[in-house]
Amino acid sequence: MKSLGPVNALYPMPVTLVGATVNGKPNFLAVAHVGIMNHGTPQFLSVGLNASHYTNAGIHQNGTFSICLPSENLMVETDYCGIMTGKNTDKASLFDVFYGGLGTAPMIRECPVCMELKLKDVHTYGSHEIFVGELVETFVQEPVLTGDRIDLAKVKPLIFDMASHNYWSLGNAVGQCWGEGKALKKKTV
Ligand SMILES: Cc1cc2nc3c(=O)[nH]c(=O)nc-3n(C[C@H](O)[C@H](O)[C@H](O)COP(=O)(O)O)c2cc1C
């Protein structure tokens, strides 16, 4: 094995559009550094934002934010939200913006899945602020559901890789979680 030094190799990650109301107006930025803090209810999710970004102030101001999942067909708009700043650009005008019960977490109707969060904690790691939010509500376009479950094959999430700086698309399911290991378990137990 070749040693690379401390290269973060924890990719791929989904690209998301994180929304907040900044100085009274909706703003969105592209964010790939998202996290799942726990599994259960309440559910806590995190987003890691460079402290220099315009959006951060809005999350502090209102104590709310959103995380939307764009599909592959929103690649151009998503990338635009990742190269332009709300300091001097109205990125929200690209989208049909809607709000849920929190009232200040803007979401994007064109995204198949959007989540609305209430700010729980902020942690600072070097140049970044990690906003941890409690998931309050999830909105989904009905066509991406199979039964009552979100179907990734229909969502077609946009996938981010830092090493290649490419957007990727999701491949096919290759097996069942909590299932495929059972064949080996039979041999070992
Ligand atoms: C694909 C992609 C992923 C990104 N992921 C992050 C991220 O996880 N955290 C971050 O702080 N910035 C990330 N960025 C950069 C911000 O989206 C970008 O700097 C944006 O212009 C900030 O917008 P704002 O100033 O309106 O808040 C990403 C950009 C791209 C293109």
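User: Which strands and which helix each supply at least two residues of the shell around the ligand?

Analyst: In this predicted model, these elements are strand S3 (25-31), strand S5 (44-50) and helix H2 (75-83).

User: What makes a residue part of that shell, and which residues come nearest?

Analyst: A residue belongs to the shell if one of its heavy atoms lies within 4 Å of the ligand. There are 23 residues around the ligand, and Ala30, Thr55, Met84, Thr85 and Gly86 come nearest.

User: How is the shell divided by class, and why is a glycine such as Gly86 not placed among the nonpolar residues?

Analyst: The shell holds 11 nonpolar, 10 polar and two charged residues. Gly is counted with the polar residues by the convention used, and therefore Gly86 falls in that class.

User: Why is the pairing of the ligand with Ala30 called a polar contact?

Analyst: The term requires a pair of N or O atoms within 3.5 Å. An oxygen atom of the ligand lies 2.7 Å from a polar backbone atom of Ala30, so the pair meets the cut-off.

User: How do you know that Asn50 and His53 also make polar contacts, and which part of each residue takes part?

Analyst: Asn50 uses a backbone N or O atom, 2.8 Å from an oxygen atom of the ligand. His53 uses an N or O atom of its side chain, 2.9 Å from a ligand oxygen. Both distances are within 3.5 Å, and therefore both pairs qualify. As for cover, the ligand taken alone exposes 660 Å², of which the protein buries 86%.

User: Where does the ligand sit, and what makes that statement valid?

Analyst: The ligand sits in the second largest pocket. The statement means that more than half of the ligand's atoms lie within 2 Å of the grid points of that pocket.

User: What volume does the second largest pocket have, and what lines it?

Analyst: Its volume is about 550 Å³. The lining comprises 27 residues, with Ala30, Val31, Ala32, His53 and Gly82 nearest the centre. S3, S5, H2 and strand S14 (166-169) each give at least two residues to that lining. By class, the lining contains 13 nonpolar, 12 polar and two charged residues.

User: Why is the largest space called a pocket and not a cavity, and how much space lies in it?

Analyst: In a cavity the probe fits but cannot get out, whereas a pocket is an open set of points, so the term pocket marks this space as open. About 1100 Å³ of space lies in the largest pocket.

User: Which residues lie nearest the centre of the largest pocket, and how do its lining residues divide by class?

Analyst: Of its 28 lining residues, Ile36, Leu69, Met115, Ile150 and Leu152 lie nearest the centre. Elements that give two or more residues to this lining include strand S6 (64-69), strand S9 (113-125) and helix H3 (152-155). The lining divides into 18 nonpolar, seven polar and three charged residues.

User: What is the omega of the peptide bond from Tyr11 to Pro12, and of the bond from Thr41 to Pro42?

Analyst: For Tyr11 to Pro12, omega is near 10° and the bond is cis; Pro12 lies in the segment before S1. For Thr41 to Pro42, omega is near -5° and the bond is cis; Pro42 lies in the loop between S4 and S5.

Conventions:
Residues are numbered from 1 along each chain as its sequence is written. This is a predicted model: local features need pLDDT of at least 70, side-chain atom pairs count only at pLDDT 80 or more; totals for chains, interfaces and linings use all residues. Side-chain values use heavy atoms; hydrogens and water are left out. A polar contact is a pair of N or O atoms within 3.5 Å; within protein, one must be able to donate a hydrogen and the other to accept it, and residues adjacent in sequence count only if both atoms are side-chain atoms. Accessible areas come from the Shrake-Rupley method with a 1.4 Å probe; for residues, only the protein chains shown count as cover. On a 1 Å grid over the protein atoms alone, a cavity is a set of points where a 1.4 Å probe fits but cannot get out, and a pocket is an open set with protein on both sides within 12 Å along at least five of seven lines; lining residues have an atom within 4 Å of a point. Helices (H or I, at least four residues) and strands (E, at least two) are DSSP runs, numbered from the N terminus. Grid points are joined across faces, edges and corners, and a volume is the space filled by probe spheres set on the points.
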